[in-house]
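Work through the exercises below with the sequence and the structure side by side. Each task is followed by a solution in steps.

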Amino acid sequence: MENKILNEAVQEYINANLNTDLHALLLKKSPFPEVFMQEIVQQIKGKQVAKRKFPFLLKDGILFPPQLNLEQSSSEQTARYKSGILKGKKFIDLTSGFGIDAYYLSRNFDDVTLVEQNTELLEIVQHNWTFLDRKAKFVNQKLEDFLQENEETFDVAYLDPARRDLLKNKVFLLEDLSPDILAIQEQLLSISNEVVIKLSPLIDLKYLVSVLPCIFRIEIIAVKNDVKEIVVFLSGNKSQEILCNCINLESGEPDFSYNFREEENAVSEYAEPRNFIYIPNHSVLKAGIFNLISEKFALKKLHPNTHMYTSHKKIENFPGRILNMEIIEAKQIKKKSQYNIISKNHPLRPEQIKKKYSLKDGGEHYLIFTQSVKGKIILKSV
């Protein structure tokens, strides 16, 4: 497959059809007798995904796997971030997949091992790493079998378990993943004192802490305010404290770090909206530290179920948006005005608000429909 799909004429055809309707393309006969159209479309899809997720692979000579493998791959941004916090001499990726994380993490290690049970996928990764002049030991084996036979130890063991069942449905509990993390956690800690696991952004943090007693660190990683992954760190020498980091890459917003149990004892004070309104970013909201944010930044919360905060004076370094707002009445909203509409703890969704008040979406100004302790309110940016 490699020599045929990498033929110069085939690569030119792939590049010329990057914006072509792929369903229509699949119905055509391949212009190359030695390459199936399905193979060509797979490479086109790969380049389309690479453009937004890992542009460093947009090179002729790179091979791309089927779409499902691309979907679960980390983005270049999140992989680069993780590479900044992991280092050592020996690294192993036990579920290497398409190898994006391993590629970036391998920069910080002298000895790198990639384990992958899918033979075709591992061959693709091995080809790409050779093309990119990156060295590693490639092991084509099921993770569970590797753990049974392995006698080496590593500074860091990394894995990104498959999050789909046999019917291709998404799963989230650790025992439903492939591999079953709960079943192998002791084996993982026997080969490395630092085990790093990438998980779904939808997984519950309290659940994680309850089933993985060796957690010592949690990274909640968002890109442009979209939470992409939860990364947990396990160690056999863990302390009682669990450090949590809320990260919002490519946002210009500061990170926020806290100890997992801090929220349990934190208390919010409430107030009606003042000059400034604070909206935490999604990595903070995912953490569920609604009282801790109020306490740490000395901000008043609007309502127990409204996760927005307020102050008279502007507080800098807040992990989220800060808006200068004032309370208005509904009758003050001019029809056909343009606003960015936010609805928090309010019965109407933004689309319903836009329709009810005949508003246009976008622009520089904000309207917030929410609820304070005294009831429903509307806020307009000043």
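**Exercise 1.** Does Thr113 count as buried or exposed, and at what relative accessibility?

*Solution.* The model is predicted: local features need pLDDT of at least 70 and side-chain atom pairs count only at pLDDT 80 or more, while totals for chains, interfaces and linings use all residues. Residues are numbered from 1 along each chain as its sequence is written, and side-chain values use heavy atoms, with hydrogens and water left out.
- Step 1. Buried means under 20% relative accessible area, exposed over 50%, and partly exposed in between, with a 1.4 Å probe and protein chains only.
- Step 2. Thr113 has 3% relative accessibility and therefore counts as buried.
- Step 3. With neighbours within four places in sequence left aside, Thr113 is in contact with Phe91, Ile92, Asp93, Lys137, Val139 and Phe154; contact means heavy atoms within 4.5 Å.

**Exercise 2.** Place Thr113 in its sheet.

*Solution.*
- Step 1. Thr113 lies in strand S2. Strands (E, at least two residues) and helices (H or I, at least four) are DSSP runs numbered from the N terminus.
- Step 2. S2 (residues 111-115) pairs with S3 in the parallel sense over three bridges, and Thr113 stands opposite Lys137 in S3. Two strands pair if DSSP finds at least two bridges between them.
- Step 3. The open sheet has nine strands with mixed pairing, in the order S3-S2-S1-S4-S5-S7-S6-S8-S9.
- Step 4. S3 (137-139) and S9 (256-259) are at the edges with a single partner strand each, so one side of each has no neighbour in the sheet.

**Exercise 3.** Describe how helix H6 is placed.

*Solution.*
- Step 1. H6 (residues 76-83) lies across S4, S5, S6, S7 and S8, and runs at about 145 degrees to S6. Axes are lines fitted to C-alpha atoms, for helices over the stretch in contact, and angles run from 0 to 180 degrees between N-to-C directions.
- Step 2. Seven of the eight residues of H6 are buried, so the helix is largely enclosed by the rest of the structure. Among them are Glu76, Thr78 and Tyr81.

**Exercise 4.** How many disulfides are there?

*Solution.*
- Step 1. A disulfide is a pair of cysteine sulfur atoms within 2.5 Å.
- Step 2. The sulfur of Cys246 is 7.2 Å from the closest cysteine sulfur, in Cys244, which is too far for a bond.
- Step 3. The count is zero disulfides.
- Step 4. Both cysteines can be checked for burial: Cys244 is buried at 0% relative accessible area, and Cys246 is buried at 2% relative accessibility.
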